[in-house]
Amino acid sequence: MKTTYFFLLGSLLLLCGVPECAVAAPTSVISISGEVLQPLLLTLEDLSSYQSVQVRRNEVVSDGAFRGVFTYQGVPLKTLLSLARVAKGDTGFSQSTDLAIRVTGRDGRQVALSWGEVFCHNASSVVVAAAASPVLLQRGCIDCHAAEEAKTILEPYERKPVLPMLVMSDDRYADRDLEDISRIEVIDLRPRMQTKTLEQLYAPSFEITGAVAKPMTIKKLSAFTRTEIPVRHGECRGYHGMLRFSGVALKDIAAGAGIHPDSNTIFLVSAPDGYRSLVSYGELFLSNHGDGILIADRLNGKPLDNDGKYYLICAEDLVFDRRVDAVSRIEVISLREPPQLCVIGIGCGDTRMITLAALSRMARAGAFIAPPDIVNRFGEYLGGKPVLFDMYDFTPPALKKQNPDLSPEDLQNLLKEKQEQAAGTIKKIMSEGRNVALLDYGDPAIFTGNV
């Protein structure tokens with residue numbers, strides 16, 4: 001029977017044409033995982049128990065669409081990540097400035113954030129909202145618009161945001177305000193990239209590579225529009241006056257290299273000694289801070305000859321951690337995660353036997369494949385996401401019991417037909433960008449309910 005199970009599972013994977021990822025096995029509303037020492041699983045009730053902040057959003061998307069005005073109550077993402085105890089593993093670079101944070105909704109949408117925009121700005125800049133209320137108009141719209149037009153204008157105010165929701169309160173546009181989020185992951189993109197001590201830290205030029213239409217090596221900034229920005233930092237050795245950095249906005253350089261608009265894109269900026277910092281696409285192009293992220297070549301009117309020639313400057317950061325001296329490379333990287341079909345073992349007993357790894361994977365799923373028994377016992381952990389079918393219905397014994405009069409040949413044809421239908425269902429869900437998780441008893445790689 002175990003051979004039958006693996007034949008069935010292998011057939012589904014082959015028919016779907018997708019990579020398999022297997023883990024041994026409630027889901028909560030949100031999972032926080034990745035480079036953390038304490039993975040978290042949080043419900044809306046959990047979020048409501050933490051000290052919260054209130055932010056107001058006039059929600060206009062970059063394409064001009066208006067989604068209403070809302071007041072959100074929630075927990076700063078900085079607080080949640082601190083509770084999860086963000087920490088790198090075995091790495092050649094101990095600073096957190098190059099960490100990325102990927103937030104995913106139950107519909108498969110994803111948003112990439114940088115460590116800096118969460119931890120180097122005020123905590124209310126990035127909030128996980130657990131409550132929302134519309135800010136209604138103080139005056140009616142009927143005075144200045146016809147009835148039908150007024151109805152269209154008022155509709156966004158009646159929208160009901162799906163919680164929990166990622167709210168980017170410092171963003172000029174609401175593209176990254178992501179409803180119905182299910183998971184938050186902390187990602188170290190270059191864990192094996194080493195640092196080294198150099199006699200002189202200097203780079204005469206820098207290159208911009210990766211997910212760009214036109215890779216570039218930049219030796220001079222003369223082709224771009226220059227800007228000068230005052231920077232006021234007072235940490236480390238204390239306040240030493242206002243620094244005036246002059247250079248080119250990083251978003252102008254990125255635009256020149258041909259960047260595809262995508263909230264899952266990040267920019268990894270590094271120096272010859274391995275020091276590196278990360279900036280997100282949303283920071284550059286959607287937030288109010290984008291104009292202040294510079295590749296600078298002058299300080300207080302003088303060229304950056306020491307530890308230069310180019311610096312990464314994030315002028316609106318409250319600390320100077322993300323400054324990169326002697327910029328030599330800018331990598332443009334997409335964090336968009338392809339959908340996966342995962343096999344998750346629910347453990348060999350009751351819900352207490354499920355592992356944290358299984359919980360994290362269940363939280364990442366957009367739909368499930370599971371028998372009714374597992375759905376009944378673990379339903380509270382499925383988060384209301386759809387169950388596509390029971391894989392045990394497609395085993396030869398089950399089909400034979402349902403169709404006792406079929407010949408062996410007809411039974412085999414029916415089995416193939418059922419498997420193709422199941423694979424088509426899985427493909428449809430994954431084409432929408434959602435992961436699918438198959439839940440089985442025990443550890444499916446060693447023993448299963450079919451043994």
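How many bridges pair β11 and β12, and in which sense do they pair? Keep that in mind for the first close-up, and remember throughout that this is a predicted model.

**View 1. Strands β11 and β12 sit side by side in an open sheet of five strands.** Here's the reply to the opening question: β11 and β12 are joined by three bridges, in the antiparallel sense. To spot one of the pairings, find I208, whose bridge partner in β12 is M216. Now zoom out a little and read the strands across the sheet: β12, β11, β21, β15, β16. The pairing in this sheet is mixed. At the edges you'll find β12 and β16 (276-280), each of which pairs on one side only. On average, neighbouring strands here are turned by 20° against each other, ignoring direction.

**View 2. F267 is one of the residues in the largest nonpolar core that touch the most other members.** F206, L312 and I330 share that distinction with F267, in a core of 31 residues. Several elements chip in two or more residues, among them β11 (206-210), β15 (265-270), α7 (281-285) and β21 (329-334). The largest share, four residues, comes from α6. If you skip residues up to four places away in sequence, the contacts of F267 include A254, I259, L278, Y281, L284 and I330. Nonpolar side chains in soluble globular proteins tend to be buried together. There's also a second, separate core, with 29 residues, including I30, L81, F119 and A130.

**View 3. Strand β24 (residues 435-440) is mostly covered.** Six of its six residues are buried. In a regular strand, side chains alternate between the two faces of the sheet. You can follow the two directions here: N435, A437 and L439 point one way from β24, while V436, L438 and D440 point the other way. What pairs with β24? Strand β22 (residues 341-345) does, in the parallel sense over five bridges, and L341 has V436 as its bridge partner. Strand β23 (residues 365-369) also runs parallel to β24, joined by four bridges. Look for I369 standing opposite L438.

**View 4. G241 lies in a loop between two strands.** The strands on either side of this loop are β13 (227-231) and β14 (243-249). Is G241 buried, partly exposed or exposed? Its relative accessible area is 23%, so G241 counts as partly exposed, since buried means under 20%. For a sense of distance, find V231, which is 10 residues away along the chain. The C-alpha atoms of G241 and V231 are separated by 9.0 Å.

Note on methods. Residues are numbered from 1 along each chain as its sequence is written. This is a predicted model: local features need pLDDT of at least 70, side-chain atom pairs count only at pLDDT 80 or more; totals for chains, interfaces and linings use all residues. Side-chain values use heavy atoms; hydrogens and water are left out. Buried means under 20% relative accessible area, exposed over 50%, partly exposed in between (1.4 Å probe, protein chains only). Two strands pair if DSSP finds at least two bridges between them. A nonpolar core is a set of buried Ala, Val, Leu, Ile, Met, Phe, Trp, Tyr and Cys residues joined through side-chain atoms within 4.5 Å. Contact means heavy atoms within 4.5 Å. Axes are lines fitted to C-alpha atoms, for helices over the stretch in contact, and angles run from 0 to 180 degrees between N-to-C directions.
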